[in-house]
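Trainee: I would like to take a close look at a single part of this structure and understand what surrounds it. Could you guide me through it slowly, in one connected account?

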Amino acid sequence: MKWFKFVKVALQSILKNRMRSLLTMLGVIIGVGSVIALMALGEGSQKDIKTQISSMGTNLLMIHPGAGRSGGVRLGSGSLATISMDDVKALREKSSTLLAVSPNVRVSEQVIAGNANWSTSVEGVSPDYLTIRNYEIASGTFFTERDVRTRAKAAVLGRTVAEELFGDSDPLGARIRVRNVPFKVIGVLAEKGQSSMGNDQDDVIFTPSTTALYRLSDGKTLRVIMASAVSEEKMDAAEKEITQILRAQHKLSDSEEDDFNIRSQTEIINMASQMTGTLTALLSAIAGVSLLVGGIGIMNIMLVSVTERTREIGIRMAVGARGSDIMAQFLVEAIILSLIGGVFGIVTGLSLAFGLGAILGCSVVTNLSVILTAVAFTAGVGVFFGFYPARKAAGLHPIEALRYE
Amino acid sequence: METILLKDAQKIFTLGGEKVHALDGVSLSIMPGDFVAVMGASGSGKSTLMNIFGCLDTLTSGEYFLEGRNVSGMGKKHLADIRNQRIGFVFQGFNLLPRTSALENVQLPLFYNRNKKGLNPKKLAAEALDRVGLANRMSHEPSQLSGGQQQRVAIARALVNDPAIILADEPTGNLDSKTTLDVLTLFKDLNQQGITIVLVTHEADVGEHARRVVAMRDGRIISDDLNGNNAEALAAVQPGTRQEAAS
C-alpha cells in the first residue's frame, strides 16, 4: 500500500515534467540499449562462428604433418610428408576412441567437362569422409571401400562445381577430366555453404584417396588426416591416443618431438569464441560508461527536484513524514526514472540488434539473463545515484523546508 | 492531565555569532478543550513557541510534555510520529500540495500514519472535509479553490488523524476579513466539539475569538488572561491595535 503510493507519487512527478524526465532517461536508454544490442550481436556472431565450425564435422580431429628439420634449420608446419596411408591404417586398426579416420590428398586442378572448365580442388578421401565432415549426398552415391582399393576413377561433385561445369543439366553419369584422367561423376553433394574461414565448402570434387594419391599426386603426400572421435567427451582421450599410435608408428624416441600436429574442433571453437567474447566484453564496457553518465544525469535532476520540492518536503514532514519516508519517496522516484529508461533501453537495444542483425546477416541471441541483468543494473543505478539527493531531502529541517520560497 | 505543559523553556538561536533568546524561560500549561491565542509582535518568540508545541523544533533547555509524555528528549523519528498522530497544523500559507485534489491533500497525514492499518483513508478524509463544510469540493485542486476554502482543506487535513491539538500559525494572515471570520467561526465550532486549539496571531481582533490570550514579548510571556480581561496586555503588545479594532 505504502510502496504503491510512493510509486504513484513518483509517477506523478515524472509525468508532470515529461520533457525533463525523458532527457534524464536518455542517458540510461542509450546505455542499456547499446549494452543489450552489443551483447545480442556479440553472442549472435559467436553462435554463428560455432555453427560454422561445427559444420566442418562432428568431434573432428585434424592431424597435419609436422615441422621438418633440414640440418639445424627447422622448417614450418606441414613442410614434411610425415603422415602416410600407413598412419591412417594404424589409426583405424589400433584406436578405440575414433569412430572414423580418413586421409585427405588434395590437388588443385583445372577440371574439364565437355566445353566447360573450372579450377577447383580435387580431394582424395575415404568413404568415411562423408560422416566425418558432415557432407550429404544430394543425388547419386558416394564411392565405396572397393572403389578405394581399385583406385576407381569415380568423382563426387560439390554443388558449386556441379553448377559451374553442368549448369542446370544433371551431371550424374557424365565424364569429367582432371589432368587428362577421365572420371565418371557418380554423385553430387548437398549444399554445405561457407566454412568459418570463409571458403566455399561446395567448391570441391571428392575421389577415392588412392585414386587421387596415385593418379593425380605423388603417391605419398597426405595433406591431412581427418578423424572423428566417438563422442565429445572422448576428444581429449582421442587426441592422446592418436599421439601414442603415431609416435609408435613413426618410431620416435622419448626425446624427440612429435612430427605431426593434432588440432581439434573444440580448440578452434574455443579460440574463436574467446576472441569474439573479448571483443563483445570490451564494447559492452564502453557502452557501460554511457550508463554511468546516464546515472549521473539522474542524480543531477534528482538534486534539482529536491530543491524544487523543498516546500512539499516541509509539508510532508509537518504532517508526520519521517526522514525515511522522504528518503524512500525520492529513491523510488530515481529508481522508477532509471527503470523506465531501462525498459526503453531494452526495447531500443533489441530493435537495434535485430535491425543490424538483419542488415549484417548475423544471428541475434537475446538472452533473458542479459535483459534481467540490465534491469537490475538500471535499478542499481537508480539507487546509487538517487541515494545522495534522497538523503539530502530526508535531512532537511522541517521548519526551514516549510519556509523555503 | 494537561494537553500541553511547558516548564522553563529556553530556546537559543545563534545568528551570526550572536546568541538570541527566542524563548527565555517560558512556562505554560494548556488543558484539553482550551482555545488559546498566542499574541505578540514579530520577534516576540510566538512562532518559536508554536514550532516547539508542534514538535518541529526542540528546546535548548527546559521540558515539554504533550499529553503527559516528555517530548524534550525524543528523536526525530518519534517526533515525526507525534506530529502525525497527535498534532494538526494549519499554516498561514495553507501549505497544500499543488496539483493534488482536496481529498488527497487531506489523506496525506493518513499516508504516514503507522497506527491506522485497516482504516479507509478516503472515507476518513471525506468525513474531515465534511466537517469543514467542503463535502462538495473534494476533487478540486488548490488552484481551483478560494483562499478560505484552501484553509478549510488545511483544517480538514489537521483534523483527519484525530489529533490532541490543532496548532494554527497565523491561519487568517492571507485571508480577507469575511473569510477570516468564516475560518475563526469554524475554529470555534471545532473547539465546542472538544478540540484543543492554539493559534498564533498578531491581529487583536483574531485573538478576541479565543477563550484565552497569551501575550509574548522578547521570548517571555507578559500576560495570560481569559478573554475580556486582556485589554492592557494587548495594548502593551501592539500599541494602537485596539484603537484600530475599535474604530
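Mentor: What follows is a walk from one helix of chain A to its surroundings, then to the chain it touches, and finally to another pair of helix contacts.

Please keep in mind from the outset that this is a predicted model. Let us take helix α10 of chain A, which covers residues 310-318, as our part. Is this helix buried or exposed? Seven of the nine residues of α10(A) are buried, so the helix is largely enclosed by the rest of the structure. A residue counts as buried here if 20 or more other C-beta atoms lie within 10 Å of its own. The buried residues of α10(A) are A:Glu312, A:Ile313, A:Gly314, A:Ile315, A:Arg316, A:Met317 and A:Ala318. What do they pack against? Within chain A their partners are α11, α12 and α13, and in chain B they are α2 (76-86) and β6 (87-90). After α10(A) comes A:Gly320, which has a positive phi near 115°.

Since the partners of α10(A) include elements of chain B, we can look next at where the two chains meet. Here 15 residues of chain A are in contact with 20 residues of chain B. On the chain A side, α1 (2-16), α10 (310-318), α11 (323-360) and α13 (398-403) each supply at least two residues, and the largest share, four residues, comes from α10(A). Sorted by class, that side of chain A has eight nonpolar, two polar and five charged residues.

Chain B itself has nine helices and ten strands. Its radius of gyration is 18 Å, close to the 18 Å that the globule rule gives for 247 residues, so chain B is as compact as a globular protein of that length. Along the principal axes, the C-alpha atoms of chain B fill a box of roughly 50 × 45 × 40 Å, and buried residues make up 47% of the 247 residues. Among the contacts in chain B with a separation of 6 or more, 68% are between residues 24 or more positions apart. For one residue of this chain, consider B:Pro142, found in the loop between α4 (121-131) and α5 (147-159) of chain B. With 20 C-beta neighbours inside 10 Å, B:Pro142 counts as buried, and, leaving aside its neighbours within four places in sequence, it is in contact with B:Leu96, B:Pro98 and B:Gln150.

Returning to chain A, recall that α11 and α12 are both partners of α10(A); each of them also packs with helix α2 of chain A, as the next two contacts show. The axes of α2 (residues 18-54) and α12 (residues 368-394) of chain A come within 11 Å and cross at roughly 155°, which makes α2(A) roughly antiparallel to α12(A). This crossing is right-handed. The contact is made by A:Val28, A:Val32, A:Val35, A:Ile36 and A:Met39 of α2(A), together with A:Val370, A:Ile371, A:Ala374, A:Thr378 and A:Val381 of α12(A); by class, these are nine nonpolar, one polar and no charged residues. With α11(A), in turn, α2(A) packs at an angle of about 40°, with the axes 6 Å apart, and that makes α2(A) oblique to α11(A). The crossing of α2(A) and α11(A) is right-handed, and the residues of their contact divide into 17 nonpolar, 13 polar and no charged.

Note on methods
Residues numbered from 1 in each chain as written. Chains lettered and ligands numbered in written order. Predicted model: local features only at pLDDT ≥ 70, side-chain atom pairs only at ≥ 80, totals over all residues. Axes fitted to C-alpha atoms, helices over the stretch in contact; angles between N-to-C directions. Parallel < 35°, antiparallel > 145°, perpendicular 65-115°, else oblique. Left-handed = near helix turned anticlockwise from the far one by under 90°. Contact = placed C-beta atoms within 7 Å. Nonpolar A, V, L, I, M, F, W, Y, C, P; charged D, E, K, R; others polar. Rg over C-alpha atoms; globule rule 2.2 N^0.38 Å. Buried ≥ 20, exposed ≤ 12 C-beta atoms within 10 Å, placed from the backbone.
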